[in-house]
Amino acid sequence: MPRVHDAIVVGSGPNGLAAAAYLARAGLSVLVLEAQGTPGGAVRTREVTLPGFHHDLGAAFFPFGEISPALVPLNLGGAGLAWKHLPIDSAHPAADGTCASISRDLETSMASFGEDGPAWRKIALWHRRTRDRMLDALLSTLPALGPMLRFGPINLLRLARVAISSGRGYASSQFRTEAARRVIPGLALHTDVGPDDAMGAVVGFVLAVLASSGGFGVPVGGASAITKALIRRVEERGGTLRCGVRVRKILVRGGRAVAVLTTAGEEIEARHAIVADVAAPTLYRSLLEESVVPPRVLAAMKTFRQGFGTFKMDWALDGPVPWTHEDCSRASVVHAGDSLDDLAKFTAEVRDGKLPSHPYMVIGQQSLADPTRAPAGQHTLWAYTRVPAKAPDGWSHDRESFADRLESRIEELAPGFKKRILARAIFSPEDLEAMNENLIGGDLGGGSAAIRHQLFFRPVFPWFRYRTPVKRLYLGSSYTHPGAGVHGACGRNAAQMVLRDVG
Ligand SMILES: Cc1cc2nc3c(=O)[nH]c(=O)nc-3n(C[C@H](O)[C@H](O)[C@H](O)COP(=O)(O)OP(=O)(O)OC[C@H]3O[C@@H](n4cnc5c(N)ncnc54)[C@H](O)[C@@H]3O)c2cc1C
């Protein structure tokens, strides 16, 4: 294998692979180096409970998967990726028996939103008219003037009105029922944005409208099918992937990134570019020598704000979850969060460093849509909640009892659930970070999603356009704009910046 490549990509998450695919498509020789033994970062599938049960280790539902302007040109369908959907994309039940659900079918959503159906209809129809332009505006390299203009000033104003609201403020202004009001703030808690956070509505809003159009689809065979398709796109253009190779240092000579040094002591040169699909603090504080990082950037990285930790579980079940509300039995994702106040209390407890007493949960039912995930008649279940990075008494002490609490939380909404459990797997924030070093403290978002860490401040001003203070070194992970999610945009945008600089 040649020791010199046009470009080296460090990390094989969806952004790293998207960057590699775009660079290889442009004719560059590309080498992807992955620290773990298997590729994909937070997009991998494994049998972690019992044989025959295929669980997604990280990402599992893909609002951007089929429609992201960064993935569509790669035609992942042509590389073997196939999608499945359920009639309902996002169900939001509460113990009082109410449930507002979002479906790609507008009539189904309206019926579920009840007296708030007409209000939801207005939002969903606006989104239908503007979706592709909105995605382009949100996912392009900033300042994204062209995409913003195409989105149009009226639509921008409409989105800005959402963006300046808190989740509670926006939901209360649009909807009358508590069931509808908890939907958007509930979706925002996929990140670390609580219902009362200033300018916190937009994350939940975008996820809600995407659930109504692209939906929360699941890839046939598991999330790793996305990774496989991306790898195929890299390799068919001559790119190479090496797993089990951790980059320890990025070597800088004459102010330019010229090579990587692996933990095994191998030095590999890059002729034109190194694209890092790594955590921003890791890049600036550990992979680079301190002397090449401006003090202001270094200081920002020392106080970098990660998002909440994540506590993730997988179950093997001997049947489907016996939900009380029938929408949940037809839903890809079920969100457990009883009310705006319940979500606010949850957020406050996590921020206080406590394990939440009544955890908000994101619960995924992949095998309902894709029967290849489990033996016939049996099912997988996937769920996470948000937690402080460190448990009060340490995760080794708290993990089993907290896992029991999550099971009881599901039991509230689905009496009889616990009796269906054949086996379970638990991933504390520490376990997640051990599986993927980008997930610092179990943060699945590549840093906080709070507004002051977004856009021009992601990961640090003025390095929001994928370039770094070191020439020929680019950051293309979810620590850059537009952040978390399997859309490939951070990687694509970084690759485009490389190609622009290479000429
Ligand atoms: C539990 C969980 C649930 C999620 N659910 C969803 C979901 O349902 N839908 C969704 O869209 N998104 C979801 N996400 C978020 C999504 O998975 C991430 O936003 C996305 O994977 C980020 O991609 P990335 O390429 O930036 O980084 P990652 O996927 O984190 O990949 C980074 C890769 O770089 C490697 N690496 C890091 N440092 C080095 C080094 N020094 N040398 C070599 N390799 C290195 C890591 O090993 C890793 O493989 C979830 C994430 C988690 C953890």
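Here follow questions and answers on one protein chain and the ligand it surrounds.

This is a predicted model, in which local features need pLDDT of at least 70, side-chain atom pairs count only at pLDDT 80 or more, and totals for chains, interfaces and linings use all residues. Residues are numbered from 1 along each chain as its sequence is written.

Q: Which domains does the domain assignment give, and how many Å separate their centres?
A: The bounds come from an automatic or database domain assignment. Domain 1 covers 4-81 + 220-304 + 447-502, and domain 2 covers 83-217 + 306-435. Taken over C-alpha atoms, the centres of domain 1 and domain 2 are separated by 26 Å.

Q: Which element gives the most to the side of domain 1 that touches domain 2?
A: Two residues are in contact if their C-beta atoms, placed from the backbone, lie within 7 Å. By that rule, 39 residues of domain 1 are in contact with 41 residues of domain 2. The elements giving two or more residues to this side of domain 1 are β4 (55-56) and α17 (489-502); helices (H or I, at least four residues) and strands (E, at least two) are DSSP runs, numbered from the N terminus. With 3 residues, the element that gives the most is α17.

Q: Which helix gives the most residues to the largest nonpolar core?
A: A nonpolar core is a set of buried Ala, Val, Leu, Ile, Met, Phe, Trp, Tyr and Cys residues joined through C-beta atoms within 7 Å. A residue is buried if 20 or more other C-beta atoms lie within 10 Å of its own, exposed if 12 or fewer, and partly exposed in between, with C-beta atoms placed from the backbone. The largest core has 155 residues, and I274 and V275 have the most contacts inside it. The top contribution, 10 residues, comes from residues 201-213, helix α9.

Q: Which residues does V275 touch?
A: Residues up to four places away in sequence are not counted. The partners of V275 are A7, V9, A19, Y474, G476, A494, A495 and V498.

Q: Why is one side of β7 and of β17 left without a neighbour in the sheet?
A: Two strands pair if DSSP finds at least two bridges between them. Here 7 strands form an open sheet with mixed pairing, in the order β7-β6-β14-β15-β16-β13-β17. One side of β7 (99-102) and of β17 (421-427) is free of neighbours because each stands at an edge, with a single partner strand.

Q: How many bridges join β13 to β16?
A: Strands of a sheet pair through backbone hydrogen bonds, either parallel or antiparallel. Strands β13 (residues 309-317) and β16 (residues 379-387) run antiparallel. T310 stands opposite R386, and M313 has A383 as its bridge partner. The number of bridges joining β13 to β16 is 9.

Q: Which residue of β16 stands opposite G364?
A: Strand β15 (residues 361-364) runs antiparallel to β16 and is joined to it by 3 bridges. Opposite G364 stands W382.

Q: How many residues of β16 are buried?
A: In a regular strand the side chains alternate between the two faces of the sheet. On one side of β16, H379, L381, A383, T385 and V387 are buried; on the other, T380, W382, Y384 and R386 are buried. The count for β16 is 9 of its 9 residues.

Q: Which element gives the largest share of the shell around the ligand?
A: A residue is near a molecule if its C-beta atom, placed from the backbone, lies within 6 Å of it. The ligand is surrounded by 39 residues, the closest being G11, G13, N15, G41 and A59. Two or more residues come from each of α1 (14-25), β2 (30-34) and β13. The largest share, 3 residues, comes from α1.

Q: Where does P143 lie, and what is omega of the bond that joins L142 and P143?
A: Most residues other than glycine have a negative phi, and most peptide bonds are trans. P143 lies in the loop between α3 (117-139) and α4 (145-151). The bond joining L142 and P143 is cis, and its omega is about 10 degrees.

Q: Is A144 buried or partly exposed?
A: A144 is found in the loop between α3 and α4. Phi of A144 is near 55 degrees, a positive value in a residue other than glycine. A144 has 19 C-beta neighbours inside 10 Å, so it counts as partly exposed.
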